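Let's take a walk through this chain together, moving from its surface to its helix contacts and its charged pairs. Have the sequence and the 3D view open as you read.

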Amino acid sequence: MKRGFYTIMSAQFFSSLADNALFVVAVDLLRTNGAAPWQAAALVPMFALFYVVLAPWVGAFADSMPKGRVMFISNAVKALGCLLMLAGSHPLLAYAVVGLGAAAYSPAKYGILTELLPASLLVKANGWIEGLTIASIILGVVLGGQLVAPQVAELLLAGHWPGVDLPAEGAIFALIPVYLLAAWFNLHIPLTRTRRRPMPRNPLALLPDFRDCNRKLWHDKLGQISLASTTLFWGVSGNLRYVVLAWAAAALGYGTTQASALVGVVALGTASGAVFASMRIRLDRAPRVISWGIAMGALVMAMNLIHSIWVAVPFLILMGALGGFLVVPMNALLQHRGHHLMGAGRSIAVQNFNEQLAILLMGAGYSACAKWGLSAFGAVTAFGATVVVVMWLIGRWYAHNLRHHREEMSRLKVIARRDR
């Protein structure tokens with residue numbers, strides 16, 4: 001790997017660490033304030049909101065300047081969201097601002113990989129980025145749970161900081177320096193020789209460009225398979241982050257601190273699967289992991305049979321591992337096709353639009369169903385069944401492409417094996 005890759009990894013680790021700790025803290029803040037349960041579930045779609053609304057612009061923004069600078073600005077926006085929470089803004093609105101920073105951050109984070117590395121290293125790079133991101137999820141959710149624990153909260157509140165009166169507010173105050181550390185690493189990300197594409201003077205001019213980019217990826221015979229797979233994966237897993245918290249409370253009687261550790265357990269398995277995939281799966285063979293996605297969906301539904309922590313931990317690790325083994329090759333293949341079709345920043349923005357739209361719609365549906373009385377067990381069944389059915393359909397779609405577009409599929413796989 002090139003030297004700058006490790007700087008990117010460091011920046012991503014600390015930014016993601018703070019994001020995931022903040023999610024747990026925001027859930028605790030809503031519960032402390034007596035908010036309805038559906039509001040905590042709504043944190044997930046609120047975070048996804050700006051990914052969808054600003055999708056036509058964030059990709060072009062990432063391609064218009066050095067991506068390290070884009071990531072620096074994005075982390076500053078995330079820190080602003082924390083300050084808004086401390087200033088008394090509703091946690092859902094403040095968390096949406098954090099999502100705004102994340103929406104701008106993602107095209108730069110993944111886009112720079114295609115600028116810095118050849119195609120033969122993309123799966124490996126994605127494996128390490130995803131593995132490190134998931135490690136930050138593990139530590140982030142555990143950190144968030146510990147920051148609101150009574151012993152740590154007492155220490156954080158001892159400073160009598162302005163606007164910090166509740167344990168969750170003390171935790172938010174402690175997370176701001178983590179975002180600043182990530183921003184410091186952003187400033188040291190190396191420049192690449194990729195040509196910048198300036199933003200047009202008329203912002204509305206990007207709408208047809210984004211529409212065309214979205215259409216290109218969905219019509220590409222390999223891009224459509226990887227985009228459908230990652231859209232489903234992140235739509236479900238983005239909401240499972242909260243569903244696991246609710247399931248742990250219902251099935252095991254856990255509170256926020258204990259349940260957040262179980263989210264970390266799932267992430268530990270995902271990291272293992274991601275690293276294993278990075279060593280075993282070549283870019284042109286990424287679609288072979290589709291069957292593992294079906295198995296992952298079946299395991300999600302089987303969570304309802306678990307009522308012991310000793311069974312839950314290895315089970316959740318295995319479930320996460322299957323998810324990591326699925327998403328890393330598909331993510332790398334999608335980046336590769338997007339980079340060839342339209343440029344790194346724009347392709348990641350299209351990817352984020354579809355994935356976060358899935359998170360937004362699934363999260364909004366789950367929040368509404370929770371408001372109407374859907375239990376955590378019912379949500380687990382619904383999400384698992386969705387994965388099984390849709391991944392099976394994606395597998396049939398890929399088989400159709402191999403039969404009816406043989407020459408095009410062969411050509412695309414040859415490109416995936418080349419570094420130029």
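L187 sits in the loop between α9 (167-186) and α10. Keep in mind as you look that this is a predicted model. Is L187 buried or exposed? Its relative accessible area is 54%, and because anything over 50% counts as exposed, L187 is exposed. Along the chain, L187 and R69 are 118 residues apart, yet their C-alpha atoms are separated by 6.5 Å.

L187 also takes part in a surface feature worth finding on your screen. Together with F72 and I73, L187 makes a nonpolar surface patch of about 260 Å². I73 belongs to helix α5, which covers residues 67-86. With a relative accessible area of 36%, I73 is partly exposed. That label fits because partly exposed covers the range between the buried limit of 20% and the exposed limit of 50%.

From I73, let's follow helix α5 to its neighbour. Helix α6 (residues 91-116) packs against α5 at an angle of about 165 degrees, and the two axes are 8 Å apart. The two helices are therefore roughly antiparallel, because angles over 145 degrees fall in that class. The crossing in which α5 passes α6 is left-handed.

Helix α6 leads on to another contact, this time with α14. Here the axes come within 10 Å and cross at roughly 70 degrees. So α6 is roughly perpendicular to α14, a label that applies because it takes in angles from 65 to 115 degrees. In this case the crossing, with α6 passing α14, is right-handed.

Now for the charged side chains. Side chains of opposite charge can pair when their charged atoms come close. How many salt bridges does a search of the whole structure find? The search finds four, and three of them are worth visiting here.

One of them brings us back to helix α5. K78 forms a salt bridge with D19, and the closest N and O atoms are 2.9 Å apart. This pair links distant parts of the chain: K78 is in helix α5, while D19 is in helix α1 (residues 3-32), 59 residues apart. Both partners are out of sight in a surface view, K78 being buried and D19 likewise.

Another pair takes us back to helix α14. D220 and R337 form a salt bridge in which the closest N and O atoms are 2.9 Å apart. Distant parts of the chain are linked here too: D220 lies in the loop between α10 (206-219) and α11 (223-252), R337 lies in helix α14 (residues 309-341), and 117 residues separate them. D220 and R337 are both buried.

The pair formed by E408 and R411 has another setting. Their side chains meet in a salt bridge with an N to O distance of 3.0 Å. Why are these two separated by about one helical turn? They are three residues apart in helix α17 (residues 406-416), which means about one helical turn lies between them. E408 is partly exposed, with a relative accessible area of 29%, and R411 is partly exposed as well, at 43%.

A few further residues help to show how position along the chain relates to position in space. W38 lies in helix α2 (residues 37-41). W38 is partly exposed, with a relative accessible area of 31%. The C-alpha atoms of W38 and A370 are separated by 5.9 Å, although these residues are 332 residues apart along the chain.

N354 is found in helix α15 (residues 344-371). Its relative accessibility is 9%, so N354 counts as buried. N354 and A321 are 33 residues apart along the chain, and their C-alpha atoms are separated by 23 Å.

Finally, look for T270 in helix α12 (residues 256-280). Is T270 buried or exposed? With a relative accessible area of 12%, T270 is buried, because the cut-off for that class is under 20%. The C-alpha atoms of T270 and P56 are separated by 30 Å, and the two residues are 214 residues apart along the chain.

Key. Residues are numbered from 1 along each chain as its sequence is written. This is a predicted model: local features need pLDDT of at least 70, side-chain atom pairs count only at pLDDT 80 or more; totals for chains, interfaces and linings use all residues. Side-chain values use heavy atoms; hydrogens and water are left out. Patches are made of residues with over 30% relative accessible area and no salt bridge: like charges are joined within 9 Å, nonpolar side chains (Val, Leu, Ile, Met, Phe, Trp, Tyr) within 5 Å. Accessible areas come from the Shrake-Rupley method with a 1.4 Å probe; for residues, only the protein chains shown count as cover. Helices (H or I, at least four residues) and strands (E, at least two) are DSSP runs, numbered from the N terminus. Buried means under 20% relative accessible area, exposed over 50%, partly exposed in between (1.4 Å probe, protein chains only). Axes are lines fitted to C-alpha atoms, for helices over the stretch in contact, and angles run from 0 to 180 degrees between N-to-C directions. Angles under 35 degrees count as roughly parallel, over 145 as roughly antiparallel, 65 to 115 as roughly perpendicular and the rest as oblique. A crossing is left-handed if the near helix is turned anticlockwise from the far one by less than a right angle, and right-handed if clockwise.
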